[in-house]
Amino acid sequence: MYKTALQAAAIGMACISFAAHAATPVAAAEKLYQANCAVCHGAKLEGAVGPTLGEHAWLHGAPTRANLINVISKGVPDKNMPAWSPTLNAAQIAMLADYIAANADKKLAAPAAMAARPATTDLLGGFKLPKGFRISVYAEGAETARSMAVSDSGIVYVGSRKAGKIYALVPRAGKQSAEVVTVAEGLENPIGVTLLNGALYVGEISRVIRFDNIDQRYAQKPSYAVVKVSLPADKWHGEKVMRAGPDGKLYIPVGAPCNICDTDDTRSAKIYRMNPDGSQLEEVARGVRNTVGFDFHPSTKQLWFTDNGRDELGDNTPSCELNVVTRPNQHFGFPYCHGGVVPDPQFGKNRSCDEFEAPVAKLGPHVAPLGMTFYTGKQFPDIYRNNIFVAEHGSWNRSTKSGYTVHLITLYGNQLVSDTAFIDGFLRGDEVVGRPVDVVMQADGSLLVSDDYAGRIFRVSYDGK
C-alpha cells in the first residue's frame, strides 16, 4: 500500500464518486484528496513521501488549473506517480486540480516524516513488549528498509522501496549492532530479497536479478545477472517479494493491479514458484490480492502468507488475512470474497464465500500485514517455537489508525489459538514513530524488525527467565 509520490495512494484505492448534492465542492474535493492523495502528499498538503503541494519549487510546470489537470491525468512516470485518468473521472480530476491550485501559494508546515525523530532513549522507552524482552536499534540509515534475508555468515540483506537500494547489515563486534553497507543502488523498488545457494535474489517491479557469492562480494558494488522470467510489471501492487522454498524453488507473488478488479483470467493476484534460473514458472495459489510476506512452516513445509484486504468498504471491513496453502489450485477469494466472509459488492454477486479458502486468521481491517516469519530459535521461551510473528505496517486511509505493531500468532496445527501484540509503540497517540515491514530471525534466536518509515532495523532479544 505504499509508493513514492502519489503511487503509494494508488495501492489499494478505488474510484470514489461524489453526488453533486452530497457536499459542497470544496468539501467534496477535500474528501477526494484525503482518500487518494494524502498518504503521499500529507493530510494537510504538507508533503510526506511526495512533495508539499503548498508553496515550493514546482518542477512540472506552474500550479495552474490546466497544468494540474494534465499532471494528475497523465502522472509523472519518472517519479513513479501514476496516471489518474483511468481511476478518476474528468470532473474528479478537475476538483482535485482546483483544490490544489487554491493552496499552491501557501506556506505549509514541514512534513511530519521530516520532523525530528525521537532520541534513541525516548524512542526505545516508548515500546511495549512482553516481560523479559528487550528492544534495541540494530542498524540505522537503511532508507525505506523493507524485506530482509539472513545469510549463514550472519550478514542481513535488506531491500528498499523509494531508495532503490540493497543494503548489507554487517555485524559489529559483539553482534549487538551492524554497519549498513550499500550493495547496489538505482534499482526499481527492490523490496524483495532472498538467499539461495550463496546467491542473493532481488525482486524489482519489472525483473528478478541475482548476485552470486554475495557474502564475498557485497562490499564491491557487485555485478548481477538478470533471471529470465516473464512476470507482470504493473506498478500498482507490482513490487515483488520473494522467498526461497524448502523445495529449492523461488516463490514470488504478483499482486492485483488495482484496489478491486477481476484477475482470475490474468497472471495477477497469484503466487508463483520457479526454478532458480526462472524456468518452470507455475502457479501455487490464486485469489491473493497483495501478499507482501510469506514463510514455510518448519515442520509441514506448507506455505503461509499474509494478504492485504481491499479498501473503500469503510473503516471496519474487510479484514486483512493470514492464509496457508494446503493443496494445489486453492483460491483465496479475491475479488469475490474478502476476509472469508464478506462478499464483494461488485464482484461477489452470484458467488458464495464458501467456494473459497477461509483465512486461518483475520488480522483486522486495514492493518496492512506485511512480512512474517515462523520462530524456530531457542533464545525465546518454548511457547514461541513454531509460531508466527507478523509485521503490521499500519493503515493509511482509516479514520482512526490501526496496525503499526508486530503481532504474535499462536497456532495449534493449522488452527488459530491467539493473536496478540508482541511489539507495541510504533504508533503513539497520533504520532507515527515507525512502520514495521519485515521480521526475520538471527542465528542466536534474536528477532530483527525492519522499519521503512525511519530506515531503522530493530533487534529484539530475551534476557528473562
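This report describes unusual backbone sites, one open sheet and one pocket of a predicted model.

Residues are numbered from 1 along each chain as its sequence is written. In this predicted model, local features need pLDDT of at least 70, side-chain atom pairs count only at pLDDT 80 or more, and totals for chains, interfaces and linings use all residues, while side-chain values use heavy atoms, with hydrogens and water left out.

**Backbone sites**

Most residues other than glycine have a negative phi, and most peptide bonds are trans. The table lists four sites that depart from this pattern in the model. Their places are given by strands, which are DSSP runs (E, at least two residues) numbered from the N terminus.

| Site | Feature | Place |
|---|---|---|
| Thr 317 to Pro 318 | cis, omega about -5° | Pro 318: loop between strand 15 (303–307) and strand 16 (319–325) |
| Phe 334 to Pro 335 | cis, omega near 0° | Pro 335: loop between strand 17 (330–331) and strand 18 (337–338) |
| Asn 189 | positive phi, about 45° | loop between strand 5 (178–184) and strand 6 (192–196) |
| Asn 329 | positive phi, about 65° | loop between strand 16 and strand 17 |

Are the two asparagines, Asn 189 and Asn 329, buried or exposed? Asn 189 is buried (under 20% relative accessible area, with a 1.4 Å probe and protein chains only), since its relative accessibility is 3%. Asn 329 has a relative accessible area of 71% and is therefore exposed, a word used for values over 50%.

**The open sheet**

Strands of a sheet pair through backbone hydrogen bonds, either parallel or antiparallel. Here, two strands count as paired if DSSP finds at least two bridges between them. Four strands in the order 1-29-28-27 form an open sheet with antiparallel pairing. Strand 1 (133–140) and strand 27 (436–441) are its edges, each pairing on one side only. From one strand to the next, the twist averages 25°; the axes are lines fitted to C-alpha atoms, and angles run from 0 to 180 degrees between N-to-C directions. Strand 28 (residues 447–451) and strand 29 (residues 456–462) are joined by five bridges. Leu 447 has Val 460 as its bridge partner in strand 29.

**The second largest pocket**

On a 1 Å grid over the protein atoms alone, a pocket is an open set of points with protein on both sides within 12 Å along at least five of seven lines, and lining residues have an atom within 4 Å of a point. The second largest pocket is lined by 39 residues, and those nearest its centre are Ala 149, Val 150, Arg 243, Val 440 and Met 441. Strand 27 is among the strands that each supply at least two residues of this lining.

Technical notes: On a 1 Å grid over the protein atoms alone, a cavity is a set of points where a 1.4 Å probe fits but cannot get out, and a pocket is an open set with protein on both sides within 12 Å along at least five of seven lines; lining residues have an atom within 4 Å of a point.
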